[in-house]
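The following exercises concern the structure shown below. Each task is followed by a worked solution.

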Amino acid sequence: MKRRKGTSDSLLTKAGGELDDRFKLAGPTRVLMNKVFPDHWSFLLGEIALFSFILLLLTGTFLALFFEPSMVEVTYNGAYVPLQGVEMSQAYASSLDISFEVRGGLIMRQMHHWATLLFMASILVHMLRIFFTGAFRAPRETNWMIGILLFWVGFFEGFFGYSLPDDGLSGTGLRIMEGMTQSVPFIGPWASAALFRGQFPGTDVISMIYIIHVFIFPLILLALITVHVGLVFAQKHTQWPGPGRTEHNVVGYRMFPNYVMKQVGFMLFIWGVVAAMGGLFQINPIWLFGPYEVSVVSSASQPDFYVMYLDGLIRLFPAWELRIPPYFTLPAVFWPAIAGMGLSVVLPLIYPALERRFTKDRGHHNLLQRPRDNPARTGLGVMVVVFWTIGTISGGNDVFAETFDISLNAMTWAGRIGIVVLPIIAYYLTYRICLGLQQHDREVLAHGLETGILMRDPDGRFYEVHQPLAEPDEHGHTELEYNGWVVPKKMNRVGALEPTEKGFFKPIEEPSQNGGAERRDEIESGRKH
Amino acid sequence: MSAHNDSAHTEPESVDLSDPKLSRFEVYKEGLRRDDIEIIHYEPRFAKPGTKAEKRMERIVGGMFLFSGLFATAFVAAFIWWPWEYEGAATWRDPQTWYTPVLGATLGLSLLLFAAGVLTWAKKLLPIEELVQDRHDGGSSTEDRRIAEATVDGLVEDMGLRRRPFLVKAALLGAAPLGLAAVAPLGALLKDPGDMLTVTGWNAEKYNNGEPIRMMMRDGALVRPDMVSVGGQITVYPAIDHGATNQFPTAPVLLIHLRESDAAILRENLYPMYDEVDALWGNFVAYSKICTHVGCPTSLYEQQTQRLLCPCHQSQFNVVDNAAPIFGPATRHLPMLPMTVDDEGFFVATSDFLVPPGPAFWNRPSLPEEDEK
Amino acid sequence: MAASAKRRRGWRKRLGALARFTGALVIVGGLYSVFSPSLYAQEPDANAIDSEAVKGQELYDTSCISCHGDDGEGIEGRGPSLIGVGSAAVEFQVNTGRMPMAAQGAQAPETYPSFTEEEAEWLGAYIEYLGGGPSMPDDLEALVEHADVGEGGELYRVNCSSCHGYAGGGGALSSGAHAPSLEGVSDEELYQAMLTGPQNMPVFADNELTPEQKADIIAYVQYLVNDDKDPGGVFALGRYGPSTEGLAIFLVGMTALLLTTLWIAGKS
């Protein structure tokens, strides 16, 4: 046993030596393996996007082996009975073949689609984390902007993927895109004619979208992701404030083995979730939709969720069309679709610069902020989230109306009013809640923890005993500074009492080392520390 | 090196690596020191190696890996041997309907178990460690900056960019058209939209040698009035070559047979432009099926409330008022197709739509009736 | 809105009481003597009215007359005339519980039927007697058996999917109305609905869709909605499309992975 181990060790050393002779690896490898990463659950959200992207490349390659991006008309005579004998495009026929006649093709298609939704959903959640903690501040503005671009390239990549099968639903999506494109002043009709090589839908759009979907956009995504991750690596990850953590260090564990093992484990976990969803949850059943025909449509025609908020805005926007007779029209759809999308791209891109300008804060920040410590930004973020959520719900308001038996027109009006009023209310409430939380933190720091122990003065007054967090001055106050991190709010968090809760969602608290019961007596007997 | 480790820890001393007495750990620590890393806390997960708890944890992790392999094998086996071919309508009792779920469950479980194994290994067996590394935030050192500046200055000097302004200007003048030439091939995509947004398949001059175009159903059957009963509607297409295909995306028309009372209301409300050309025939009316908002087929006909609803953005049109929009984001009525019945008793369009159907665009021609509404 | 609905309900109650009273009178006075004059007045041939129609009229006068009026002539603002709608329409409305309507609303909801199928047939016979109208083919079963599912699919997508959805799950219409789900609907009901265009549904009489084409559509709907199990998984997410799929990725996918991040990494 021992000898074998020795041989393998020396073999490893030998191989390492051979490699180092050629590539000079020892130095860089050491630096890489020793790199320290901070540990927090919220730092893993971007990884969900990264690993679902890798899965998208893998499943997408499988699909590309069988998909034919052609709009040539064929007569379907495959396995799916209800479509036999139906005229359809080659693209749709081959998508049906992937679903029914390629072994394992259906689960691959479904995994590809679920991974897309996961990719976009995790980008959104990751973006919220970055925003609310102020991680986009200098020196990381560039990476924030790359992240925003990643979202939008992913947005169109996803929309094009949704369009490729050329089924009834995807054709409807393309038709809406045509209407949106046409609405652009002056260049609209030309842009639409360029996109569809003449009149919609034409016979070329699928092959054009295909090359964008499988080559150009994945390449852009890959390049952007490489830079994105590279910058995180080079600039070093931000960390939460806490004991021993400063703007000038990183506290955590090493890249190898701890970080890498957790990453590999998480990657496999994400893939496992996507595989399970791909097998158990049916997604985009294109065989129900039939081939795209311009006169055919279905109730509840929706885009995928990440496009839905734009579709919702289009639904909610009033019928305002600007007309200057005889020859100028600005259709209503221009505002939510083109101007709305443009703002959704530009505003997030320039947000870090705007915040710098208004706060005049030009310093570098490597420590994160708790959302409560920047009420204005947090309020703004919640405002956007509420706006987006109402838009997204409105994008499915017909399904909502049908499911919950609400009038469709009432849903539309609720959305129209809600999308204007609720974000403002949300901003105000968030701002107040943040201030309240801040105040409570300061109060605990100044007066100590609430112990839940009520005492009565000799003259009859009741008061609650507070446990100061440090030695108090003569007024019973402590001069503790708020350091930007969690202030203990419960006795058991400072080890004064037995833990009350154990479990997954609540931190597992160590029992007090010096005996909870004695401690309690001590506290009750007076305001001694 | 503008920033320094301002933690309370003191810089560890460098060690002499040639010292043969150095332990592996000390060599390793020297590596950490060179990467500005310091160990705050480091202890093995299990104080004594080989305890029961450690063995148990090893068994758990090992079990996860083995079960993962088992499920992966099950996945491969199911992939090969599970009946999978679609053979027409099937209930949950037929094994082929379980092919995808079985694949998903086995592959998913295999991946999840392997992941759990790796993660448990990392969380429960790796040593507990906490390290701190200097961040070195901020720009390069002043020295580095100076050297870089000098290098770039030298480069500018070598090329003589300042001394040879003519060359610079000439290069720019040459490069601009070259850049244009690089993107010019994309111009091949451009196509004159021409009349594609204004002329539809109902244009007799363009598609039928000036002969009026009849209406047909999807299967090519020509349409007679007795084919639509009161309160009914059908989708009709121009009876020309490929008239019912996607080649004529703005042509589909909804032919509605109104009740007498509804038709009377419509006739009363009729826009002058439709009145002039006598667009209705009897109690029949034909509206473009393409929504004037962004072009979905507006084909949810509610025969009781006499509305047409578009399922994409919920625009609603009043059938008995020229299909004018009454709710939602659409701003213009669905154009009416003027029509009559020819000598042989078939419906025939008397002209193309009077205004372009479908979504608007900036130079869309419109008639005064529309602008008033 | 609410107040007027309440008023209407009150109205209905009184009318119902009146109708029940009339019904009692009918039984007391004997069927024949009460009805024969009016029936004779409309239909010279006394033998043409069979016993089914008579039983139907009895039911009609107790349960339908308050909205649809005497002899199915309709009451403005309450219920449409039933003359000429035919037995298929009556059987559809009654067998699916849509009629009699509990309260006036955007649309008669589908509930448990108040009458047995036999009673529905009687009612149908009576309405048919009043003014004829479309009726069901006798050989529907054979028609559906020999139907072309592919052809039915094309017809379904052109004529039906815009309201009932590609997957037959139904959909919202304007102002609270909706197209119902086709799940679990029988061949007869599908045929009756197409033939007669209940409520907001357009009529697809035999001129628009021949009985064979209707059978094709029925075959397709039954294949799609009721016969074929979804091949893509255990959960079809209600076949609602992207809206429930988006919900699922957050509720299932993201939630599972967020819990995993909490497990993998700490909270401090």
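**Exercise 1.** Which residue takes a positive phi in the hairpin of β7(A) and β8(A)?

*Solution.* The model is a predicted one, in which local features need pLDDT of at least 70, side-chain atom pairs count only at pLDDT 80 or more, and totals for chains, interfaces and linings use all residues. Residues are numbered from 1 along each chain as its sequence is written, while chains are lettered from A and ligands numbered from 1 in the order in which they are written.
- Step 1. Locate the strands: β7 of chain A covers residues 449–456 and β8 of chain A covers residues 462–467. Strands (E, at least two residues) and helices (H or I, at least four) are DSSP runs, numbered from the N terminus.
- Step 2. Establish the pairing, which requires that DSSP find at least two bridges between two strands. Here β7(A) and β8(A) are antiparallel, with five bridges, and A:Glu450 is opposite A:His466.
- Step 3. Inspect the connection: five residues lie between the strands, and A:Gly460 has the positive phi, near 100°.

**Exercise 2.** Determine how α7(A) and α8(A) are arranged, and which residues meet.

*Solution.*
- Step 1. Compare the axes (lines fitted to C-alpha atoms, for helices over the stretch in contact, with angles from 0 to 180 degrees between N-to-C directions). The two axes come within 7 Å and cross at roughly 145°.
- Step 2. List the contacts, defined by C-beta atoms, placed from the backbone, within 7 Å. From α7(A), A:Glu178, A:Thr181 and A:Gln182 take part; their counterparts in α8(A) include A:Pro189 and A:Leu195.
- Step 3. Classify the residues: nonpolar are Ala, Val, Leu, Ile, Met, Phe, Trp, Tyr, Cys and Pro, charged are Asp, Glu, Lys and Arg, and polar are the others, Gly among them. The contact of α7(A) with α8(A) has three nonpolar, four polar and one charged residues.

**Exercise 3.** Describe the side of chain A that touches chain C.

*Solution.*
- Step 1. Count: 59 residues of chain A contact 55 residues of chain C.
- Step 2. Assign elements: among those giving two or more residues on the chain A side are α3 (45–66), α7 (168–182) and α16 (408–447).
- Step 3. Divide by class: 37 residues are nonpolar, 17 polar and five charged.

**Exercise 4.** Why is one side of β7 and of β10 of chain B left without a neighbour in the sheet?

*Solution.*
- Step 1. Order the open, antiparallel sheet of four strands: β7-β8-β9-β10.
- Step 2. Examine the edges: β7 (300–302) and β10 (324–327) each have a single partner strand, so one side of each lacks a neighbour in the sheet.
- Step 3. Add the twist, which averages 35° from one strand to the next.
- Step 4. Check one pair: three bridges join β7(B) to β8(B) (residues 307–309), and B:Tyr301 stands opposite B:Leu308.

Terms used: Contact = placed C-beta atoms within 7 Å.
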